[in-house]
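User: Could you take a close look at one part of this structure for me, and then walk me outward to its surroundings? I work at the bench, so plain language would be welcome.

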Amino acid sequence: MAGQAGTGRRRWRLGLAVLAALVLVAGGATAAVRLAADRQPERGAGRIAAAPTPSEATPSPTPPPGADVTGPLNLLMVGVDTRVSVPGWEPHGDAVLVAHVTKELDRAYVFSLPRDLLVDIPAFPKAGYSGGKTKLTHAMSYGSRVPGKPKEPSATQGYELLRSTVSGYTGLRFDAGAVVTFQGFEKLVNAVGGIDVYVDQRTVSLHRQPNGKHRDPAPGGGGYVGPQMVYEKGEQHLNGWQALDYARQRYGLDGGDYARQRHQQQLIRALVRKIQGEDLARQPDRVEQVVGALGDTLIYAGGPRIVDLAYALGGLPADRLVLVSLPGEGVGKGSAYRGEQLKPVGRKFLTELKAGRAEQYLAAHPELIVKK
């Protein structure tokens, strides 16, 4: 029994680390963390059971954590730009990632939505917002406005509106979600000893020098000056700050923000592979170190539910984490750029995913799968 209990603890801690990898990579330019399980009357198809109260406690032997978690599950991860150095700055949804875990909890599809995706944002009386059609990134900022407190925006409240917006666009209902920080991601990468990533195109950093120091702002506020870190094409081993910096770059890339989305997804897979690697899984002390490295950078709401969810995801092998790239294009006439839209092949994927036919659709459209 003691051995089984130890295995169970290691499993859910591995699952927690995998969940953290999914969550933290989304924070390409963030400064606040919140994980909030949805408390809406209508939930997604998946169900994350709350821990029993003392009066409802199940007689021994109790079922293992995650025994009541059923799929499919939909998770929404949002990286926000809060500009904490600017008083009253409203958070913007800088990175939006969705993870869909299948009914059997044995496969997950991860895809990103463009920050500039043109969407219908519903009315949100809590923030005094009347609704409109605009870029997805603004849903977080519009929803964060607290009437009577113009200098105290709420990222948690902003997440509510962004979640409703993404749900309306994709047709998915979310079982759990997060607003995340890149500080935790950097710590996590360092805790596992760095990660191995295939850099698919030469990437020049806008933000960092080769020694890791931040580049100096240019006079007059027009960008940055000084030497730049360069990530050359090919297999690369990245430490925490390098992985974080690589995840943030979009300017000068072939594909722009779509390339950045792909890089963030590749980092997720690299982290999951490292966390689930045979050596790490056999060293409980290392697992404790990985989870402990997150510290206060990862704050959960929903309590034991996250333990259950983490345990359920602990059995998800890295080769069943399918990264999906949804191609898009600009919307507007001439030079009047309005935003982005997904191409029909990407919109159709969302329809097939909701219907439980993602595997068949990707078999017919293998170009959507991120290979490395």
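Analyst: Happy to! A word on naming comes before anything else: a helix here is a DSSP run of H or I at least four residues long, and helices are numbered from the N terminus. Please also keep in mind that this is a predicted model.

Let's start at α10 and the stretch that comes after it. α10 is followed by G356, and the phi of G356 is positive, near 80°. This glycine is also among the residues closest to the centre of the second largest pocket, together with P72, H100, L353 and K354. The pocket encloses about 340 Å³ of space, and 20 residues line it. Two helices, α10 (344–354) and α11 (358–364), each supply at least two residues of that lining. With three residues, α11 gives the most. As for chemistry, the lining has six nonpolar, seven polar and seven charged residues.

Now for the inner side of α10. Its buried residues are G346, F349, L350, E352 and L353. L353 therefore has two roles to keep in view: it counts as buried, under 20% relative accessible area, and it is listed among the residues closest to the centre of the second largest pocket. The buried residues of α10 pack against β3, β4, α3, β15 (321–324), β17 (336–342) and α11. That list gives us a handy route outward, and I'll follow α3 and then the β3 and β4 pair.

α3 covers residues 155–170 and has 16 residues; from its first C-alpha to its last it reaches 22 Å, close to the 22 Å expected at 1.5 Å a residue. Its buried residues are A155, Q157, G158, Y159, L161, L162, R163, T165, V166, Y169 and T170. Just after α3 comes G171, which takes a positive phi of about 80°. So a glycine with a positive phi turns up after α10, where G356 sits, and another turns up just after α3.

The loop between β3 and β4 is worth a pause. L105 is in that loop, and its phi is near 60°, a positive value in a residue other than glycine. L105 counts as buried because its relative accessible area, 16%, is under 20%. T102 lies in the loop between β3 and β4 too. T102 is also buried, with a relative accessible area of 13%. Leaving aside neighbours within four places in sequence, T102 is in contact with G71, P72, R107 and Y109. P72 is the link back to our starting point, as it is one of the residues closest to the centre of the second largest pocket.

The two strands also lead to an enclosed space. β3 (92–101), β4 (108–113) and α6 (256–275) each supply at least two residues of the lining of the largest cavity. This cavity has a volume of about 60 Å³, and the structure holds four cavities of 30 Å³ or more. Lining the largest cavity are D94, A95, V96, L97, S112, L113, R115, D257, R260, Q261 and Q264. By class, that makes four nonpolar, three polar and four charged residues.

α6, the helix on this cavity, is mostly covered, with 17 of its 20 residues buried. Its end C-alpha atoms are 29 Å apart, which agrees with the 28 Å that its 20 residues should span at 1.5 Å a residue.

To place all this in the whole protein, its secondary structure comes to 11 helices and 17 strands. Of its 372 residues, 51% count as buried. Among contacts with a separation of 6 or more, 69% join residues 24 or more positions apart. The protein exposes about 17000 Å², and carbon and sulfur atoms supply 51% of that area.

If you look back at the display, a good path is to begin at G356 after α10, move to P72 among the residues closest to the centre of the second largest pocket, and then pick up T102, which is in contact with P72.

Notes: Residues are numbered from 1 along each chain as its sequence is written. This is a predicted model: local features need pLDDT of at least 70, side-chain atom pairs count only at pLDDT 80 or more; totals for chains, interfaces and linings use all residues. Side-chain values use heavy atoms; hydrogens and water are left out. On a 1 Å grid over the protein atoms alone, a cavity is a set of points where a 1.4 Å probe fits but cannot get out, and a pocket is an open set with protein on both sides within 12 Å along at least five of seven lines; lining residues have an atom within 4 Å of a point. Grid points are joined across faces, edges and corners, and a volume is the space filled by probe spheres set on the points. Ala, Val, Leu, Ile, Met, Phe, Trp, Tyr, Cys and Pro count as nonpolar, Asp, Glu, Lys and Arg as charged, and the others, Gly among them, as polar. Buried means under 20% relative accessible area, exposed over 50%, partly exposed in between (1.4 Å probe, protein chains only). Contact means heavy atoms within 4.5 Å. Accessible areas come from the Shrake-Rupley method with a 1.4 Å probe; for residues, only the protein chains shown count as cover. The expected span of a helix is 1.5 Å times one less than its number of residues.
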